[in-house]
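Visitor: I'm new to this one and would love a close look at a single part of it. Could you pick a helix and walk me through what surrounds it?

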Amino acid sequence: MDCYLIMNQSIDVICGFLGGTILSVEGGYRVLQHPRPERVFCRIADARWFLAVNWCDHCSTPAGILTHDGQLSFQNQAALAVGETVFLPLKHRKAIFNCCLCLMPGESTIYGIEPDSHRVEILGLEIDPRYGKVAIVRTLEDE
């Protein structure tokens, strides 16, 4: 009887992800930072994806989401302006992705791209457990 009561209780979730907040609501998940406050995502992975894209979009420098196969599944306007192979040259993508595999949640690392001499910050995130980690990458501003 006690077990039955526990299983019928709703479990509310609130979590932070890339500077955003995800809340569980009836029917799915809501992102507080979404421009349409009534928008409900069916899966938490969809809410995380929104926040990852939003994070990249708000970077003033080139930023994007790199997958295990070396593809940029998303890139912001700054990355489009310089070109995706200038932002992340093809020969560096595997090494950049491999860096993300070693990172703990919330940890980042810096990777230098030669001969262009620009540096990128890499975060390794599991947005959707069905696909494994992705690398969130942004160019660091010149110091």
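Visitor: Before we zoom in, what percentage of the 143 residues of the chain count as buried?

Guide: Of those 143 residues, 39% count as buried. Keep in mind that this is a predicted model, so everything below describes a prediction.

Let's get our bearings. The chain has five helices and eight strands, and from the N terminus on they run α-β-β-β-α-β-β-α-α-α-β-β-β. Along its principal axes, the C-alpha trace spans about 65 × 30 × 25 Å. If you take the contacts between residues at least 6 apart in sequence, 34% of them join residues at least 24 apart.

Now for the part I'd pick: helix α2. This helix has 14 residues and covers 20 Å from its first C-alpha to its last, close to the 20 Å expected at 1.5 Å a residue. Its buried residues are A45, A47, F50, L51, A52, V53, W55 and C56. D46 lies in α2 as well, but D46 is partly exposed, because its relative accessible area is 31%, and buried means under 20%. Measure across space in the model and you'll find the C-alpha atoms of D46 and V31 separated by 10.0 Å, with their positions 15 residues apart along the chain.

That V31 is worth a stop. Leaving out residues up to four places away in sequence, V31 touches T21, I22, F41, A47, F50 and L51. A47, F50 and L51 are also on the list of buried residues of α2.

This leads us to the largest nonpolar core, which has 20 residues. Those that touch the most other members are V31, C56, I65, I127 and I136. At least two residues of this core come from each of α2, β4 (63-66), β7 and β8, and α2 gives the most, with seven residues. There is also a second, separate core of 15 residues, and F87, I113, V120 and A135 are among its members.

Our helix has a part in the largest pocket, too. The volume of that pocket is about 200 Å³. Its lining has 14 residues, and the closest to the pocket centre are W49, I127, D128, Y131 and V134. Which elements give two or more residues to this lining? They are α2 (44-57), β7 (118-128) and β8 (132-139). By type, the lining residues divide into five nonpolar, four polar and five charged. I127 turns up twice in this tour: I127 is one of the residues closest to the centre of the pocket, and also one of those touching the most other members of the largest core.

Next, look at what comes just before and just after the helix in the chain. On the way in, H34 is found in the loop between β3 (28-31) and α2. H34 counts as buried because its relative accessibility is 12%. Setting aside neighbours within four places in sequence, H34 is in contact with R39, F41 and F50. H34 and N54 are 20 residues apart in sequence, and their C-alpha atoms are 9.0 Å apart in space.

On the way out, S60 sits in the loop between α2 and β4. Is S60 buried or exposed? S60 is exposed, because its relative accessible area is 60%. Not counting residues up to four places away in sequence, S60 touches A78 and E141. A78 is 18 residues from S60 in sequence, and the two are 6.9 Å apart from C-alpha to C-alpha.

One more contact of the helix comes from strand β7, where L123 is found. L123 counts as buried because its relative accessibility is 14%. Beyond its neighbours within four places in sequence, L123 is in contact with W55, C100, L103, E107, S108, V134, A135 and I136. W55 in that list is one of the buried residues of α2, V134 is among the residues closest to the centre of the largest pocket, and A135 belongs to the second core. For a sense of distance, the C-alpha atoms of L123 and V13 are separated by 24 Å, at 110 residues apart along the chain.

Last, a small detour away from the helix. L18 has its place in the loop between β1 (14-17) and β2 (20-25). Phi of L18 is near 50°, a positive value in a residue other than glycine. L18 counts as partly exposed, because its relative accessibility is 21%.

Definitions and conventions. Residues are numbered from 1 along each chain as its sequence is written. This is a predicted model: local features need pLDDT of at least 70, side-chain atom pairs count only at pLDDT 80 or more; totals for chains, interfaces and linings use all residues. Side-chain values use heavy atoms; hydrogens and water are left out. On a 1 Å grid over the protein atoms alone, a cavity is a set of points where a 1.4 Å probe fits but cannot get out, and a pocket is an open set with protein on both sides within 12 Å along at least five of seven lines; lining residues have an atom within 4 Å of a point. Grid points are joined across faces, edges and corners, and a volume is the space filled by probe spheres set on the points. Helices (H or I, at least four residues) and strands (E, at least two) are DSSP runs, numbered from the N terminus. Ala, Val, Leu, Ile, Met, Phe, Trp, Tyr, Cys and Pro count as nonpolar, Asp, Glu, Lys and Arg as charged, and the others, Gly among them, as polar. The expected span of a helix is 1.5 Å times one less than its number of residues. Buried means under 20% relative accessible area, exposed over 50%, partly exposed in between (1.4 Å probe, protein chains only). A nonpolar core is a set of buried Ala, Val, Leu, Ile, Met, Phe, Trp, Tyr and Cys residues joined through side-chain atoms within 4.5 Å. Contact means heavy atoms within 4.5 Å.
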